[in-house]
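Visitor: I'd like to go through this one label by label and hear the reasoning behind each. Could you show me the structure?

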Amino acid sequence: MGEGEVISASAHYLTPTEGGGDAWSAEAASAGRRGTQRVVSAGEVAAPEGVASLLAVEQGGQVVVRRRIMYLDGEPCELTDTYYPVEIARGAGLVGTAKIRGGAVRLLAELGHVGVRAREDVAARMPSESERAELALKVDEPVLELTRLTLDADDRPIQVDVMVMPPRGQKLRYEIRIG
């Protein structure tokens, strides 16, 4: 890893963190950088089309979303929307914008919702006008959209993350155990 280079490893975001910190801050700190985040909004919404099918809810059905902007050294670098089935999230403290000590993965695990399998899809596309503004992108600059579905031991969907980021400087790392 080059000096100051942040390589995003999905596995860090799928398991509860130790000591109540968050995975993004720890990942950035390991590269000598400062990673912060701001919860922009949280609450119940009608599930977007792709999210509805991933969470196995009917089209337009209610889900809980937490919308965040991630910052690296004070600059916006990623928009992250995390969606949960209503029956999991309503009583779990995921509806408000307050920071969750140890992160949502730890909170879900404490409530018995443990992810054991995740599937990620990555696509390149042009950003919407609001994404362009929030990420301070140039007019012709594309984004990467990473969609992660997390399933429990019974193959029930417990979380969907949709992350939008500029490709410049991005390095995604996947480690796969075979067998």
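Guide: Here you go, and keep in mind that this is a predicted model. Let's start with a pair in the sheet: Val63 has Pro85 of strand 4 as its bridge partner.

Visitor: What makes strand 3 and strand 4 a pair?

Guide: Pairing takes at least two bridges. Strand 3 (residues 62-72) and strand 4 (residues 75-85) are joined by 10 bridges, so they count as paired, and they run antiparallel. Another match is Leu72, which stands opposite Glu75 in strand 4.

Visitor: And strand 4 with strand 7, how do you know that they pair?

Guide: Apply the cut-off of at least two bridges again. There are 5 bridges between strand 4 and strand 7, therefore they pair, also antiparallel. One place to look is Thr80, whose bridge partner in strand 7 is Met163.

Visitor: Which order do the strands take in the sheet?

Guide: The order is 2-3-4-7-6-5, with 6 strands in an open sheet and antiparallel pairing. At the edges sit strand 2 (35-46) and strand 5 (117-125), each pairing on one side only. On average, neighbouring strands here are turned by 15 degrees against each other, ignoring direction.

Visitor: Why is strand 4 called largely enclosed?

Guide: Buried means under 20% relative accessible area. Of the 11 residues of strand 4, 9 are buried, so the rest of the structure largely encloses this strand.

Visitor: What packs against strand 4 from among the helices?

Guide: Helix 4 (residues 103-110) has the buried residues Gly103, Ala104, Leu107 and Leu108. Those residues pack against strand 4, and also against helix 3 (86-89) and strand 7 (157-165). After helix 4 comes Gly112, with a positive phi near 90 degrees.

Visitor: What makes Asp73 worth a stop?

Guide: Its phi: Asp73 is not a glycine, yet the angle is positive, about 55 degrees. Most residues other than glycine have a negative phi. Asp73 belongs to the hairpin of strand 3 and strand 4, which has 2 residues between the strands.

Visitor: Why is Asp73 called partly exposed?

Guide: The relative accessible area of Asp73 is 35%. Buried ends at 20% and exposed begins over 50%, so a value in between is partly exposed.

Visitor: Where is Ala136, and is it buried or exposed?

Guide: Ala136 is in the loop between helix 5 (129-134) and strand 6 (143-151). Its relative accessible area is 52%, and the cut-off is over 50%, so Ala136 is exposed. Ala136 is also a residue other than glycine with a positive phi, near 55 degrees.

Visitor: Now the charges. Why is the contact of Arg119 and Asp121 called a salt bridge?

Guide: The nitrogen and the carboxyl oxygen must be within 4 Å. For Arg119 and Asp121 the closest N and O atoms are 3.6 Å apart, so the pair qualifies. Each partner is partly exposed, Arg119 at 42% relative accessibility and Asp121 at 42%.

Visitor: How do you know that Arg125 and Glu131 qualify?

Guide: Their N to O distance is 2.8 Å, which is within 4 Å, so this is a salt bridge. Glu131 is buried at 13% relative accessible area, while Arg125 is partly exposed at 26%.

Visitor: What about Glu129 and Arg132?

Guide: The closest N and O atoms of Glu129 and Arg132 are 2.7 Å apart, so that is a salt bridge too. Being 3 residues apart in helix 5, they are separated by about one helical turn. Glu129 is exposed, with 60% relative accessibility, but Arg132 is buried at 13%.

Visitor: How many salt bridges does the structure hold?

Guide: The structure holds 11. Glu120, Arg148 and Asp161 are linked in a network of them.

Visitor: Last one: what makes Ile176 a candidate for a nonpolar patch?

Guide: Patch members need over 30% relative accessible area. Ile176 has 69%, so it passes, and it counts as exposed. Ile176 lies in the segment after strand 8 (172-173). Val122, Leu172, Tyr174 and Ile178 form the surface patch with Ile176, and together the accessible area is about 540 Å².

Key:
Residues are numbered from 1 along each chain as its sequence is written. This is a predicted model: local features need pLDDT of at least 70, side-chain atom pairs count only at pLDDT 80 or more; totals for chains, interfaces and linings use all residues. Side-chain values use heavy atoms; hydrogens and water are left out. Patches are made of residues with over 30% relative accessible area and no salt bridge: like charges are joined within 9 Å, nonpolar side chains (Val, Leu, Ile, Met, Phe, Trp, Tyr) within 5 Å. Accessible areas come from the Shrake-Rupley method with a 1.4 Å probe; for residues, only the protein chains shown count as cover. A salt bridge is a side-chain nitrogen of Lys or Arg within 4 Å of a carboxyl oxygen of Asp or Glu. Helices (H or I, at least four residues) and strands (E, at least two) are DSSP runs, numbered from the N terminus. Buried means under 20% relative accessible area, exposed over 50%, partly exposed in between (1.4 Å probe, protein chains only). Axes are lines fitted to C-alpha atoms, for helices over the stretch in contact, and angles run from 0 to 180 degrees between N-to-C directions. Contact means heavy atoms within 4.5 Å.
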